[in-house]
Amino acid sequence: MDLVESHQEELRFARGRVVRALLIAGVAIAIAVPFSGQPAWIVRGTLIAITAIGVLGQNLLIGHTGQISFGQAGFLAIGAYTFAHVQMLPWPLALLVAGLAAAVAGVLVGFPSLRLKGPYLAIATLGFGIAVYQLLANASWLSGGRTGVAVQRPPMEWLYWQDVLLLAIFALATVNLISSYAGRAFMAVRDSEIAAEAVGVNLTRTKLLAFAVSSFYTGVHGALFAQFLGHLEPELFNLGEVLTLFVAITVGGLASIEGSIFGAAFVVLAPAVFGAARWAVPVLFGGSIIVVLVFEPGGLAGGLRKARVALEQWPFR
Amino acid sequence: MALPLMDRFLQYAVAGLSAGSLYALVALGIVLIYKSTKVLNFAHGDVATLGTFAAFALLSRDHSFWIAFPAALVTGALASVLFYFGALAPAQRKGATLLGQVILTIGLALIVQGLVVYTFGTEPDRMPFPLSDSESRKVGPVYVSELALGTLGAALAACVAVYVVVQRTRLGLAMRAVSENLMAAQTLGIPTRRVLGFAWATASALGVVAGLFLAPALLLDPFFMLDPFLKGFAASVLGGLGSLPGAVAGGLLLGVAESLAGAYAGIEFKKTLAFLVILAVLLVRPEGLLGKPFKERV
């Protein structure tokens with residue numbers, strides 16, 4: 001693997017020529033898409049950027065901190081509906097409010113995580129997600145009842161640039177976060193709670209921070225999704241949405257930033273390819289999770305890393 | 001209805017018991033898998049759906065119930081045994097984390113769901129059944145439908161069967177040994193993989209039984225087991241994820257509580273109750289009613 005000689009080097013952004021070349025290629029593609037004159041790809045690109053923000057957040061919680069949460073649909077719904085109700089504010093502010101609302105909910109859900117571990121936490125967060133859905137389905141003053149809530153929708157090209165830019169900001173923020181003290185504390189908690197506590201990591205603060213940050217991301221994801229759709233119904237935020245996020249995290253690669261983006265691209269593009277057959281999408285998703293976990297647990301990001309190392313060291317391996 | 005107050009209460013309690021026995025069956029399967037493999041099986045509902053649809057396919061080709069129902073149980077059991085040996089065991093051998101194993105079961109759930117939608121479509125169907133939902137018998141002061149009686153009977157039979165197998169046979173002894181300490185069981189020459197495979201098969205068959213008795217009460221569509229599956233989850237948490245009697249008690253309690261809540265507190269409350277129960281139990285007593293408190297070793 002990579003030889004890292006100092007802490008300074010470890011912290012450097014995108015070290016290695018291949019990584020830099022791939023990064024530049026990715027940015028070039030993102031800039032080229034709107035000029036390709038293909039509206040379908042602009043829509044897909046927007047959706048990938050939106051989804052990637054949510055996947056980044058959940059990967060922070062699940063991949064880096066090791067807290068198995070099934071409550072994403074709840075945070076997504078809180079973000080989306082908050083955005084819909086405060087959309088008279090200027091949009092950056094509305095986005096911030098939506099994210100913060102989800103983050104507050106995240107801290108509230110995070111409190112049980114201080115006592116619950118593994119499967120128990122998974123069930124508790126699952127219960128939270130469903131409770132939010134039930135609340136929205138029953139409270140028509142919140143969700144607009146059967147007609148739903150309308151959200152003002154800017155033109156598609158504007159959305160594309162806005163969301164891709166936001167994804168870039170969130171990805172950079174995540175890189176900084178995980179190479180800071182907080183990110184290291186996240187991973188220490190994941191690897192062993194007791195050991196992390198023994199070396200002075202504040203378990204309570206770290207876990208709550210992980211829940212707050214990841215819910216903030218998911219709330220922003222929900223808000224952008226609301227803006228993208230222009231219309232909200234409680235049915236959008238069911239268990240299927242949670243499963244899709246899990247597929248994205250697994251296929252892309254746990255605890256990996258580039259993996260989150262690959263995973264988001266996978267879950268957006270795969271249904272586009274199989275658009276005609278509705279049944280094929282879950283089969284493809286399920287099959288790819290199983291194949292990834294059995295053969296390449298690092299996901300696409302792990303596979304890419306292995307390929308890169310093999311390429312750089314060729315023929316000496 | 002001019003039922004006296006007490007009879008009305010009993011009527012709802014009995015309806016709750018019948019729904020609760022379905023939750024108990026689902027919860028029993030979830031706990032059986034959790035105790036033996038330490039995995040939360042998110043595919044439990046979907047495998048049960050698959051089995052129920054297998055019965056439906058045979059019944060609509062004019063086979064009798066005596067062929068269709070055993071075939072349904074075998075289909076469900078086969079699907080999860082295949083999954084266990086084909087995906088879960090190899091992943092465990094490679095040292096998959098708890099999260100990885102849970103995600104694997106999500107993968108199975110998605111595949112089964114897609115295949116059921118592909119084969120049977122999403123249109124709801126009516127499931128033929130030997131017991132009627134509308135014919136009711138008078139038992140003491142309350143009326144019980146034939147289907148509800150059948151459900152209670154089937155759940156009771158399944159619970160007794162599980163008890164006998166786990167507590168009174170050599171295979172059950174092996175199952176308890178594997179659940180207690182996998183490594184030690186392996187060292188003592190117990191074929192742990194086969195025992196675990198059997199546990200998965202039994203658990204899925206229990207889920208299919210629940211599916212078969214639930215389907216005639218509502219319409220059969222590819223997602224009909226999602227709700228009872230989540231309720232079964234709630235029931236297993238209520239009783240304690242590591243306790244088989246707890247699963248049964250949790251299921252029955254949840255069923256009765258739901259039915260009474262629906263009768264006296266409103267229908268919205270009935271729907272949310274299970275998830276409030278989950279949150280309350282996990283906050284107050286995470287190990288459940290009959291579970292043992294956990295300890296952690298470094």
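**Entry 1. Confidence**

I began with the elements of chain B and looked up their mean pLDDT: strand S1 (residues 136–139) of chain B has the lowest value, 75, and helix H8 (residues 192–214) of chain B has the highest, 94. I noted that the model is predicted. For chain B as a whole, I found an average pLDDT of 87, with 97% of the residues scoring at least 70. For the complex, I recorded the predictor's ipTM of 0.86 and pTM of 0.89.

**Entry 2. The contact between the chains**

I next asked how many residues each chain brings to the contact. Chain A gives 34 residues and chain B gives 36 residues. On the side of chain B that touches chain A, I listed the elements that give two or more residues: helix H3 (65–93), helix H4 (98–120), helix H9 (226–239) and helix H11 (267–284) of chain B. H4(B) supplies the largest share of that side, with 17 residues. By class, I counted the side of chain B that touches chain A as 29 nonpolar, five polar and two charged residues.

**Entry 3. Helix H14 of chain A**

I turned to helix H14 (residues 280–295) of chain A, which has 16 residues. From its first C-alpha to its last, H14(A) reaches 22 Å, close to the 22 Å expected at 1.5 Å a residue. Is H14(A) mostly covered or mostly uncovered? I found H14(A) mostly covered, with twelve of its 16 residues buried. Among the buried residues of H14(A) I noted Val281(A), Pro282(A), Phe285(A), Gly286(A), Ile289(A), Ile290(A) and Leu293(A). I then traced what the buried residues of H14(A) pack against: in chain A, they meet H12, helix H13 (257–273) and H15. In chain B, their partners are H3 and H4. Both of these chain B helices also appear in my list for the side of chain B that touches chain A.

**Entry 4. Helices H12 and H15 of chain A**

I examined how two of those partners sit against each other. Helix H12 (residues 239–252) of chain A and helix H15 (residues 299–312) of chain A have axes 3 Å apart and pack at an angle of about 10 degrees. H12(A) is therefore roughly parallel to H15(A), as angles under 35 degrees count as such. From H12(A), the contact uses Thr250(A), Val251(A) and Gly252(A); from H15(A), it uses Gly299(A), Leu300(A) and Ala301(A). I sorted the residues of the contact of H12(A) with H15(A) into three nonpolar, three polar and no charged.

**Entry 5. Helix H11 of chain A**

I checked the length of helix H11 (residues 203–229) of chain A, whose 27 residues should span 39 Å at 1.5 Å a residue; the end C-alpha atoms are 38 Å apart, which agrees. Of the 27 residues of H11(A), 21 are buried, so the helix is largely enclosed by the rest of the structure. After H11(A) I came to Gly230(A), which has a positive phi near 75 degrees.

**Entry 6. Helices H5 and H6 of chain B**

I moved to helix H5 (residues 146–168) of chain B and helix H6 (residues 170–180) of chain B, whose axes cross at roughly 75 degrees and come within 5 Å. H5(B) and H6(B) are therefore roughly perpendicular to each other. In H5(B), I found Val165(B), Val166(B), Gln167(B) and Arg168(B) meeting Leu171(B), Gly172(B), Met175(B) and Arg176(B) in H6(B). The contact of H5(B) with H6(B) has four nonpolar, two polar and two charged residues.

Within helix H5 of chain B, I also looked up Ala155(B). Ala155(B) counts as buried because it has 26 C-beta neighbours inside 10 Å. Leaving aside residues up to four places away in sequence, Ala155(B) touches Ser21(B), Ala24(B) and Leu25(B). Between Ala155(B) and Leu206(B), I noted a separation of 51 residues in sequence and 8.9 Å in space, C-alpha to C-alpha.

**Entry 7. Positive phi in two loops of chain B**

Most residues other than glycine have a negative phi. I therefore recorded Lys38(B), which is not a glycine and has a positive phi of about 60 degrees. Lys38(B) sits in the loop between helix H1 (5–37) and helix H2 (44–60) of chain B. Lys38(B) counts as partly exposed, because it has 16 C-beta neighbours inside 10 Å.

Asp62(B), also not a glycine, has a positive phi of about 70 degrees. I located Asp62(B) in the loop between H2 and H3 of chain B. Is Asp62(B) buried or exposed? With 6 other C-beta atoms within 10 Å, Asp62(B) is exposed.

How values were computed. Residues are numbered from 1 along each chain as its sequence is written. Chains are lettered from A and ligands numbered from 1 in the order in which they are written. This is a predicted model: local features need pLDDT of at least 70, side-chain atom pairs count only at pLDDT 80 or more; totals for chains, interfaces and linings use all residues. Axes are lines fitted to C-alpha atoms, for helices over the stretch in contact, and angles run from 0 to 180 degrees between N-to-C directions. Helices (H or I, at least four residues) and strands (E, at least two) are DSSP runs, numbered from the N terminus. Angles under 35 degrees count as roughly parallel, over 145 as roughly antiparallel, 65 to 115 as roughly perpendicular and the rest as oblique. Two residues are in contact if their C-beta atoms, placed from the backbone, lie within 7 Å. Ala, Val, Leu, Ile, Met, Phe, Trp, Tyr, Cys and Pro count as nonpolar, Asp, Glu, Lys and Arg as charged, and the others, Gly among them, as polar. pLDDT is the predictor's confidence in each residue, from 0 to 100. The expected span of a helix is 1.5 Å times one less than its number of residues. A residue is buried if 20 or more other C-beta atoms lie within 10 Å of its own, exposed if 12 or fewer, and partly exposed in between; C-beta atoms are placed from the backbone.
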